[in-house]
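Work through the following exercises with the sequence and the model side by side. Each task is followed by a solution that goes step by step.

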Amino acid sequence: MPASDPIPVALLHGAGYAGGEVIRLLAGHLDVTLTAVTSRSLAGQPVWAAHPHLRGLTDLAFIAPDDFDPASARAILLAAEHGQAITVVTDLLNRGYDGAIIDLSADFRFRDPGLYPTWFGLEHPAPDLLDAFQYGLPEVFAPYAPGQRLIANPGCFATGITLALWPLARHLEALDVSVTALTGASGSGTRPKATTHFPTRDGNVRAYKILAHQHLPEIQQTLGTHARVHFVPVSGPWTRGIWGTAQLTLPPAVSEDDVARWYEDAYADAPFVRLWPSLPELRYAAGTPFCDLGWTLNDRHLVVGFALDNLLKGAASQAIQNLNRVLGLPEPSGLLPTPSPLPA
Ligand SMILES: NC(=O)c1ccc[n+]([C@@H]2O[C@H](COP(=O)([O-])OP(=O)(O)OC[C@H]3O[C@@H](n4cnc5c(N)ncnc54)[C@H](OP(=O)(O)O)[C@@H]3O)[C@@H](O)[C@H]2O)c1
């Protein structure tokens, strides 16, 4: 049982897939309590209207964004679309909000504002705020600075690819990596699109944004300029989860034991990275808050596999890892045990 009253937190724009997962996870979190969920489109309707699986788990109804009182929440999770979060965050800060903000969008992930026009087609309207945000990949950047309260939650592909490559990037002077990763349809949100339509997706595999996915800059930002990542994203015929491989040639001096030690050292204290004896399978990562990693080495050719749930470690459970960190709670609070990943 928690020692004190649960901490009040709010979720803004929680009608989407990632928001629904945040609500589901917070319903089982003993140290925080979700007091408000906003939606522009569903204000006044019960949360289960957008998330039927949460019927009976929460009595909350969506409220209109204008009716939300920031003073009621010590922390805010924000699950708006890219480009919209900037407006919400600047409004909160202009109103003097001094609690924590965990933003699930890409709006505060880049340090360099010059990347936004190229990758998101927008001039960042609040470039001075970018330095105030911590890129929220705890396995790489934690512990965060004391008092850090603004967190940019990483992208889903970016989480898997960065965690797969970070142990190598720490030890190698240069790396040139080819990554291919497949994702399920929930990665593109609730609004139906031609590319998420069942007949388009079912029984099909399709590469898109080849070598030009918007998560590349955040991956490069974390790994450093000595790492060159060539990424082919692929849409897969399922709903949730990302599975991918990263392939590279190692320098002659690197042994199999070195590789194993680099990964074991990097993630020794990371409760949500699991190392596997071979390439991981999607099934055992989907529905869980873990990023699963495994590798195979043949001569100098290294293949690193990664699997994670785009809506969990790629979004909502990572946001709660970050929430726990900024609130001074144990990182796994509310995230374990995990649900069964087997199909119902
Ligand atoms: N899906 C994933 O796998 C994933 C992974 C990592 C990060 N993310 C990021 O997490 C965020 C939410 O993703 P999602 O997949 O849950 O998206 P989604 O299903 O499309 O939901 C988006 C939410 O944004 C709100 N919204 C839409 N238009 C808006 C506008 N003009 N102004 C303010 N709010 C608006 C909607 O709420 P209203 O009812 O208020 O309109 C909705 O709840 C996005 O930034 C996404 O990129 C998603």
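A polar contact is a pair of N or O atoms within 3.5 Å. Keep in mind throughout that this is a predicted model.

**Exercise 1.** Find which polar backbone atoms lie within that cut-off of an oxygen atom of the ligand, and state how much of the ligand the protein buries.

*Solution.* Begin with Ala 18, where a polar backbone atom is 2.8 Å from an oxygen atom of the ligand. Go on to Tyr 17, which also places a polar backbone atom by a ligand oxygen, here at a distance of 3.1 Å. Then turn to a side chain: Arg 191 has a polar side-chain atom 3.4 Å from a nitrogen atom of the ligand. Finally, consider the surface, for the ligand taken alone exposes 880 Å², and 91% of that is buried by the protein.

**Exercise 2.** Describe the shell of residues around the ligand, and explain why the ligand lies between the two domains.

*Solution.* The shell holds 26 residues, and those that come nearest are His 13, Ser 39, Arg 40, Ser 41 and Ala 80. Sorting the shell by residue type gives 13 polar residues, nine nonpolar ones and four charged ones. Next, look at the domain assignment, which divides the chain into domain 1 (8-153 + 315-326) and domain 2 (156-308). Because both domain 1 and domain 2 give residues to the shell, the ligand lies between them.

**Exercise 3.** Characterise the contact between domain 1 and domain 2, starting from the distance between their centres and ending with the salt bridges.

*Solution.* Taken over C-alpha atoms, the centres of the two domains are separated by 25 Å. The contact draws 20 residues from domain 1 and 24 residues from domain 2. About 1,900 Å² of area is buried between the domains, and carbon and sulfur atoms give 59% of it. On the side of domain 1, the residues that lose the most area to domain 2 are Tyr 17, Trp 119 and Glu 139, which together make up 31% of what that side buries. Tyr 17 is thus worth a second look, as its backbone also has a polar atom 3.1 Å from a ligand oxygen.

For the polar part, count seven residue pairs in polar contact between the domains, both residues being at pLDDT 80 or more, and three salt bridges. Arg 191, already met beside the ligand, forms a salt bridge with Glu 81, in which the closest N and O atoms are 2.3 Å apart.

How values were computed:
Residues numbered from 1 in each chain as written. Predicted model: local features only at pLDDT ≥ 70, side-chain atom pairs only at ≥ 80, totals over all residues. Heavy atoms only, no water. Near = heavy atom within 4 Å. Polar contact = N/O pair within 3.5 Å; in protein donor to acceptor, adjacent residues only side chain to side chain. Areas by Shrake-Rupley, 256 points an atom, 1.4 Å probe, with all protein chains shown as cover. Nonpolar A, V, L, I, M, F, W, Y, C, P; charged D, E, K, R; others polar. Domains from an automatic or database assignment. Contact = heavy atoms within 4.5 Å. Buried area = accessible area lost by both parts, 1.4 Å probe. Salt bridge = Lys/Arg side-chain N within 4 Å of Asp/Glu carboxyl O.
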